[in-house]
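Visitor: I have a protein on screen and want to read its fold. Could you take me through it?

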Amino acid sequence: MDPKLRRMASSFVALLLLLEQGMFSSFPPPSGPLDRVFQYIDLHQDEFVQTLKEWVAVESDSVQPVPRFRQELFRMMAMAADKLQRLGAGVDSVDLGSQQLPDGQSLPIPPVILAQLGNDPKKTTVCFYGHLDVQSAQQDDGWLTDPYTLTEVDGKLYGRGATDNKGPVLAWINAVSTFRALEQDLPVNIKFILEGMEEAGSVALEELIRKEKDRFFSSVDYLVISDNLWLSRKKPALTYGTRGNSYFMVEVKCRDQDLHSGTFGGILNEPMADLVALLGSLVDSSGHILIPGIYDQVAPITEEEKKMYEAIDLDLEQYQNSSQVEKFLFDTKEEILMHLWRYPSLSIHGIEGAFDEPGIKTVIPGRVTGKFSIRLVPHMNMSVVEKQVKQHLEDVFSKRNSSNQMAISMVVGVQPWIANINDTQYLAAKRAIRTVFGTEPDMIQDGSSIPIAKIFQDIIQKSVMMLPLGAVDDGEHSQNEKINRWNYIEGSKLFAAFFLEMAKLH
Ligand SMILES: [Zn+2]
C-alpha cells in the first residue's frame, strides 16, 4: 500500500477506535468556558482517580452490622465532609442517633452530610444525592483483585464502591472542584445530601428529609441522583422512572402442627394444595397477571414513548446470553423493555412452612405461607392493587370450599416513580450529554424499585432526575465491581457541563 494511503488508513482506524471507545468529546473540541473545564479535568484525571482510590480503601460496609464497619462508615463520612469543607462548602454532619438491631445490639448510624456551595438567589439550586456505604465484599467471594484496593486494568478501575456509588459522588465533586480550581464562578448553587446507610435500607433518612423539608431543602429547585447504570456499555442514559413493588403474604392454615399423610391424608383439605391453587391462579404462562382489574390503571402508551423505546441501545442477544436464560417471553427489544419498565409483573418468591429439604418426608404441612410481589408501574395505586389482590384470592379460595383458614397481607409497598422528561433539568442533561458524548442519551427506566427518587419527589415536591455514569457491565453489588476510567472522567465533565446548561436554561 502507498505509505500515504496507509497513514490515512491507520489514522482512520485510530479515529474509529476513538469513536468505538466513545471518545466523541475530543472531536470536535468544545468551545466557550467549558474548554478550560474539560482541559483541567483531563489534565488532573490521575489525581481524581487517586482520590477514588483513597475512598474505595475505606471499608464502609453498611450491610454487616459490625462495630468495625461502623467505624469505617464514620471515617468515610468524615473524609467526605472534610473534602467538601476544603472546597469551601458549608457542611453539616447530621447525627442520626443509633439503630436497634433485632438481636438487641445497638449500633450508631453514620451521619448524613448536608452541604452547600453558593447561595446566590439569582441562581438555580441543584441538590445531589449520593451514598458512601457499600455492599459487603471479600476477595474470597471471587474477586480477582483486593476489593478495597482500587486496581486499574485496561482502563477499568476495579474496587468495591467504584461505581456504586463513590465514583459518581466524586465525579460530582470533581466537577465542582474544577470550577473552584479555575476560579470560575459556579454556574448554579450546589447542595449535597450524602448518606452512609443506603445499602442497609437508608435507615432514618426519610425522617431527616421530612425534617429538613423547610430548612435545607427549602431552596432546592432540582434533585439529581447518580446511583444506577446505563443500559449500554457505551451509550449514556437518563433515567426517568422506576417500578414500585407490593409484597404479599398469603397464609393457609389447618392447624399449627404438621400432619402425617398416612394418618390424615385423604380426610382433610391440605393447606399446601390450597396454597398451590391460590399461587397458580395469579399469573399465566405468558406472564399475564390474572387478577381482575389489575391492568385497568396502567398508563396507556403514547407515540412519543414508543419512539423512545425504538431508539434505545440494547443488544438483546448479549443480554440474553449474559443472563443465561434460554428464552425470554418476548422477542423484540421494545417488548422486553416495556415489560420490564411500564407493565406490572407478578413474581412468586417462596413458601414458608413447606418441606424444602432434600429426601423423602411424608409430611402434610399444617400451616404454609406463600410469598409473591407485584412490580407496580404508573399510574397503579397501591391500595387499589391491595384490594384487587385480596378480592381475587378470596374468590379463588371460596370456590375451593376448603375448611382451612386463609389470611392475606400486603407487607411492603413502594410506589412507582416517574419524572417529567420535559423538565428543565432533563433538557439540560440531554444537552450536556450531547456536548460531552456527542450523542443523544437512551431514555430509560429501571425495573427495580429505587425508593429514594419517589421519597424526594413526594416530600420535597421538586423535579428528580437520575443521571447515571456507570456502564451496564459495572457489576454493582457483585464481585469485581468497576467503573471505567473513561466513564469516571467523562462523567466529571458531564456534571460540569450540566451545571452550565442549567444556568443557561434557568
Ligand atoms: Zn447505590
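What follows is a set of short questions and answers on this predicted model.

Visitor: Into which domains is the protein divided?
Guide: The model is predicted, and the domain bounds come from an automatic or database assignment. Two of the domains are built from two stretches of chain each: 31-242 + 416-505, and 244-299 + 342-414. The division is domain 1 (1-28), domain 2 (31-242 + 416-505) and domain 3 (244-299 + 342-414).

Visitor: What distance separates the centres of domain 1 and domain 2?
Guide: Domain 1 covers 1-28. Its centre and that of domain 2 are taken over C-alpha atoms, and the separation is 34 Å.

Visitor: What is the strand order in the open sheet of four strands?
Guide: Pairing in this sheet is antiparallel. Strand S13 (345-352) and strand S16 (405-414) each pair on one side only, which puts them at the edges. Neighbouring strands are turned by 20 degrees against each other on average, direction ignored. The order is S13-S15-S11-S16.

Visitor: Which residue in S15 is the bridge partner of Phe248?
Guide: Strand S11 covers residues 244-253 and strand S15 covers residues 367-376. They pair in the antiparallel sense over 10 bridges. In S15, the partner of Phe248 is Phe372.

Visitor: At what angle to S15 does helix H8 run?
Guide: Helix H8 spans residues 271-280. It lies across S11, S13 and S15. Its angle to S15 is about 10 degrees.

Visitor: How do the ends of helix H12 compare with the expected span?
Guide: Helix H12 (residues 382-399) has 18 residues. At 1.5 Å a residue, 26 Å is expected. From first C-alpha to last, H12 is close to that, reaching 26 Å.

Visitor: Which residues of H12 are buried, and why do they line one face?
Guide: An α-helix has 3.6 residues a turn, so residues three or four places apart point the same way. Seen down the axis of H12, the buried residues fall within an arc of 155 degrees, so they line one face. They are Val385, Gln388, Val389, His392, Leu393 and Phe397.

Visitor: What covers that buried face, and which residues are exposed on the other side?
Guide: The cover over the buried residues of H12 includes S11, H8, S15 and S16. On the other side of H12, the exposed residues are Ser383, Asp395 and Ser398.

Visitor: What phi does Asn401 take?
Guide: Asn401 comes just after H12. Its phi is positive, at about 55 degrees.

Visitor: Which strands stand at the edges of the open sheet of three strands?
Guide: The order is S6-S7-S20, with antiparallel pairing. Each edge strand has a single partner strand, so one side of each is left without a neighbour in the sheet. The edge strands are S6 (151-153) and S20 (482-484).

Visitor: Which residue in S20 is the bridge partner of Lys156, and which helix lies across this sheet?
Guide: Three bridges join strand S7 (residues 156-158) to S20, and the two run antiparallel. In S20, the partner of Lys156 is Asn484. The helix across S6, S7 and S20, at about 60 degrees to S20, is H15 (residues 485-505).

Visitor: Are the residues of strand S9 buried or exposed?
Guide: Tyr222 and Val224 point one way from S9 (residues 222-225), and Leu223 and Ile225 the other way. S9 pairs in the parallel sense with strand S5 (residues 125-131) over four bridges. Four bridges also join S9 to strand S19 (residues 463-466), again parallel. Tyr222, Leu223, Val224 and Ile225 are all buried.

How values were computed:
Residues are numbered from 1 along each chain as its sequence is written. This is a predicted model: local features need pLDDT of at least 70, side-chain atom pairs count only at pLDDT 80 or more; totals for chains, interfaces and linings use all residues. Two strands pair if DSSP finds at least two bridges between them. Axes are lines fitted to C-alpha atoms, for helices over the stretch in contact, and angles run from 0 to 180 degrees between N-to-C directions. Two residues are in contact if their C-beta atoms, placed from the backbone, lie within 7 Å. The expected span of a helix is 1.5 Å times one less than its number of residues. A residue is buried if 20 or more other C-beta atoms lie within 10 Å of its own, exposed if 12 or fewer, and partly exposed in between; C-beta atoms are placed from the backbone. The arc is that of the directions from the helix axis to the C-beta atoms.
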